[in-house]
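Student: I want to go through this structure label by label. For each label, I will ask what justifies it.

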Amino acid sequence: IIELPGGTYRGAALRLFDPAQGLWSIWWADSRDPGLQSPVHGRFKNNVGTFLGDDALRGRPIRVRYIWSDMTATSARWTQAFSPDAGTTWETNWIMEFTRAN
């Protein structure tokens, strides 16, 4: 469940790993617009996961980036950023800090 000032909705991510290529693919779906959104693809290197994909926002093309970082046995950080100029500049618009519950 995601609670935002504009309302509450439900979402889920589908993650698939291709061991032959060492490549992850991640799709997002939520109750605001049923169906899978365009995927991001990437991998982990030096304990940082970088995932990129192409999508649209308000009818305009954007590049999407997810970064998994600061990973430990009990925590991780995830950021999402959008680029309107094919990755030249990025605007981070969502940050999540994860902590393992005991």
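Tutor: What follows is a set of questions and answers on a predicted model.

Student: Start with the fold. What pattern does the protein chain follow along the sequence?

Tutor: It reads β-β-β-β-β-β-β-β-β. The protein chain has nine strands and zero helices. Its C-alpha atoms fill a box of roughly 35 × 35 × 25 Å along the principal axes. Of the 102 residues, 25% count as buried.

Student: Which residues make up the largest nonpolar core?

Tutor: There are twelve: I2, Y9, I26, W28, V40, F51, I62, V64, Y66, W68, A76 and W78. Three elements give two or more residues to this core: β4, β7 (60–69) and β8 (75–83). The most come from β7, with four residues.

Student: What makes such a set a core?

Tutor: Two tests. Each member must be a buried residue of a nonpolar type, and the members must be joined through side-chain atoms within 4.5 Å. The twelve residues count as a core on those terms. In soluble globular proteins, nonpolar side chains tend to be buried together.

Student: How are W28, Y66, W78 and W94 linked?

Tutor: By ring pairs, which join W28, Y66, W78 and W94 into a cluster. A pair needs ring centres within 6.5 Å. The whole structure has six aromatic pairs.

Student: Why is R32 said to lie over the face of Y9?

Tutor: The charge must be within 6 Å of the ring centre and within 35 degrees of the ring normal. R32 is at 3.8 Å from the ring centre of Y9 and lies over its face. R65 has a like place over the face of W90, at 4.4 Å from the ring centre.

Student: Why is the contact of D30 with R32 called a salt bridge?

Tutor: The cut-off is 4 Å between a side-chain nitrogen of Lys or Arg and a carboxyl oxygen of Asp or Glu. For D30 and R32 the N to O distance is 2.8 Å, so the label holds.

Student: Are D30 and R32 buried or exposed?

Tutor: D30 has a relative accessible area of 6%. Buried means under 20%, so D30 is buried. R32 is at 53%. Exposed means over 50%, so R32 is exposed.

Student: How many salt bridges does the whole structure have?

Tutor: Three. One of them joins D54 and R63, with the closest N and O atoms 3.1 Å apart. D54 is exposed, because its relative accessible area is 51%. R63 is at 24%, between the two cut-offs, so it counts as partly exposed.

Student: What links R77 to E97?

Tutor: Also a salt bridge, with the closest N and O atoms 2.4 Å apart. This pair links distant parts of the chain: R77 is in strand β8, E97 is in strand β9 (residues 91–99), and they are 20 residues apart. R77 counts as partly exposed because its relative accessibility is 24%. E97 has a relative accessible area of 54%, so it is exposed.

Student: What makes the nonpolar surface patch?

Tutor: L14, L16 and L36 do, over about 270 Å². A patch residue needs over 30% relative accessible area. L14 is at 37%, so it passes and counts as partly exposed. L36 is at 53%, so it passes too and counts as exposed.

Student: Where do L14 and L36 sit?

Tutor: L14 is in strand β3 (residues 11–18). L36 is in the loop between β4 (23–30) and β5 (40–45). The C-alpha atoms of L14 and I95 are separated by 19 Å, and the two residues are 81 apart along the chain.

Student: What is notable about the phi of N46?

Tutor: Its sign. Most residues other than glycine have a negative phi. N46 is not a glycine, yet its phi is positive, about 55°. N46 lies in the loop between β5 and β6 (48–57). At 72% relative accessibility, N46 is over the 50% cut-off, so it is exposed.

Student: What sign does the phi of D70 have?

Tutor: Positive, near 50°, in a residue other than glycine. D70 is in the loop between β7 and β8. D70 counts as exposed because its relative accessibility is 53%.

Notes. Residues are numbered from 1 along each chain as its sequence is written. This is a predicted model: local features need pLDDT of at least 70, side-chain atom pairs count only at pLDDT 80 or more; totals for chains, interfaces and linings use all residues. Side-chain values use heavy atoms; hydrogens and water are left out. Patches are made of residues with over 30% relative accessible area and no salt bridge: like charges are joined within 9 Å, nonpolar side chains (Val, Leu, Ile, Met, Phe, Trp, Tyr) within 5 Å. Accessible areas come from the Shrake-Rupley method with a 1.4 Å probe; for residues, only the protein chains shown count as cover. Buried means under 20% relative accessible area, exposed over 50%, partly exposed in between (1.4 Å probe, protein chains only). Rings of Phe, Tyr and Trp (its six-membered ring) pair if their centres lie within 6.5 Å; planes under 30 degrees apart count as stacked, over 60 as edge-to-face and the rest as tilted.
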